Amino acid sequence: MKNYKRLVLFAGHYGSGKTNIAVNVAIDMKRSGYDVAIADLDIVNPYYRTKDSEDELEAAGVPLISSEYANSNVDVPALPQDMYSLVDNKERYFVIDIGGDDRGALALGRYTPFILEENNYEMLLVINQYRPLTRDLQSTLEVMREMEAAGGIPFTGIVNNSNLGRDTTPEDVIASDAYAREIAAATGLCLRMTTVKEDIAEEVARVIPNVMPLHLQNKRLWNN
């Protein structure tokens with residue numbers, strides 16, 4: 001994924017790992033020469049986990065846009081005015097972390113008409129076979145369709161982030177490849193990449209193509 005669209009959106013079921021992927025992709029884009037920022041659109045959970053990686057993002061030169069109440073105990077479902085720069089500032093690229101499930105995708109709705117009109121986006125479904133509510137094709141498709149309906153933007157690709165947290169083995173990831181390809185075939189979407197912890201990425205890449213190693217920017221981010 002080196003030829004990025006201007007807007008790269010990640011959505012998935014709670015625990016799919018979308019936040020850690022979004023952080024890694026944003027930093028990778030910056031290192032590749034993109035003028036990029038990351039935006040946290042989650043208004044369902046007042047604990048904005050993208051905020052956990054603020055220091056790493058700042059060190060990499062990636063601005064973070066999130067609620068002023070991020071990482072606080074104040075439950076205010078509000079987004080800052082700066083969030084409109086996603087659609088207003090066409091010169092900057094954005095990685096967007098969308099809240100989990102259909103409730104989280106609702107926050108995307110206010111920007112959907114502008115995103116569709118520009119048509120320079122990638123909407124990626126992050127899947128994890130080892131989460132209770134996305135263990136098979138039918139349950140995963142149900143979550144996917146609910147998010148599409150809530151956010152108003154169809155998915156354009158799939159990211160397989162099947163993992164068991166820090167205990168994930170290469171065999172766990174390799175075993176999930178059939179599941180990911182089944183979903184890709186059923187939806188007609190491209191399996192864009194398989195994401196995996198850095199320490200086992202090389203071994204997985206011997207078997208599965210398009211592997212992206214993930215650095216755990218913050219230990220609490222894994223599997224969120």
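Let me begin with strand β2. Val36, Ile38 and Asp40 point to one side of it, Ala37 and Ala39 point to the other, and every one of them is buried. The alternation is what you would expect, because in a regular strand the side chains alternate between the two faces of the sheet. With five of its five residues buried, β2 is largely enclosed by the rest of the structure. Keep in mind throughout that this is a predicted model.

What does β2 pair with? Strand β4 is one partner, in the parallel sense, over five bridges. Within that pairing, Ile38 sits opposite Val95 of β4. Strand β3, residues 64–65, is also joined to β2, by two bridges, and these two strands run parallel as well. There the bridge partner of Ile38 is Leu64. So much for the partners of Ile38: Val95 in β4 and Leu64 in β3.

Next, β1. Six of its six residues are buried, so to speak of it as mostly covered is fair. Leu7, Leu9 and Ala11 point one way, while Val8, Phe10 and Gly12 point the other way. β1 runs parallel to β4, with four bridges between them, and Leu7 stands opposite Phe94 in that strand. β1 also runs parallel to β5, here with six bridges, and Ala11 stands opposite Leu125.

Now the stretch that follows β1. Ser16 is in the loop between β1 and α1. Is Ser16 buried or exposed? At 2% relative accessibility it counts as buried. Setting aside neighbours within four places in sequence, Ser16 is in contact with Val126, Asn128, Asn161 and Asn163.

Helix α1 comes after that loop. It covers residues 18–31, 14 residues in total, and spans 20 Å from its first C-alpha to its last, close to the 20 Å expected at 1.5 Å a residue. Twelve of those 14 residues are buried, so α1 is largely enclosed by the rest of the structure. Among the buried ones are Lys18, Thr19, Asn20, Asn24 and Asp28, along with Ile21, Val23, Val25 and Ile27. Just after the helix, Gly33 takes a positive phi of about 100°.

One residue from another loop can be set beside α1. Lys51 lies in the loop between β2 and α2. Its relative accessibility is 24%, so Lys51 counts as partly exposed. Lys51 and Thr19 are 32 residues apart along the chain, and their C-alpha atoms are separated by 9.9 Å.

On to the core. The largest nonpolar core has 36 residues, and those touching the most other members are Leu9, Ile96, Ile98, Leu108, Ile115, Met123 and Phe155. Elements giving two or more residues to this core include β1, β2, β4, β5 and α8. Which element gives the most? That is α6, with six residues. The core also draws at least three residues from each of domain 1 and domain 2. As general background, nonpolar side chains tend to be buried together in soluble globular proteins.

Leu9, which we met in β1, is a useful example from this core. Not counting residues up to four places away in sequence, Leu9 touches Ile96, Ile98, Leu108, Ile115, Tyr121, Glu122, Met123 and Leu124. There is also a second, separate core, of 22 residues, which includes Tyr4, Met29, Leu124 and Met193.

Last, helix α8, residues 177–187. Its buried residues are Asp177, Tyr179, Ala180, Ile183, Ala184 and Thr187. Why do these line one face of the helix? Seen down the axis of α8, they fall within an arc of 165°, so they share a face. The spacing in sequence fits the general pattern: an α-helix has 3.6 residues a turn, so residues three or four places apart point the same way. On the face turned away from the buried side, α8 carries the exposed residues Ala178 and Ala185.

What covers the buried residues of α8? The cover includes strands β5, β6 and β7, and helices α6 and α7. Just past the end of α8, Gly188 takes a positive phi of about 75°.

Conventions:
Residues numbered from 1 in each chain as written. Predicted model: local features only at pLDDT ≥ 70, side-chain atom pairs only at ≥ 80, totals over all residues. Heavy atoms only, no water. Buried < 20%, exposed > 50% of the residue type's maximum accessible area, 1.4 Å probe, protein only. Arc of directions from axis to C-beta. Contact = heavy atoms within 4.5 Å. Core = buried A, V, L, I, M, F, W, Y, C linked by side-chain atoms within 4.5 Å. Domains from an automatic or database assignment. Expected span 1.5 Å × (residues − 1). Pairing = 2+ DSSP bridges.
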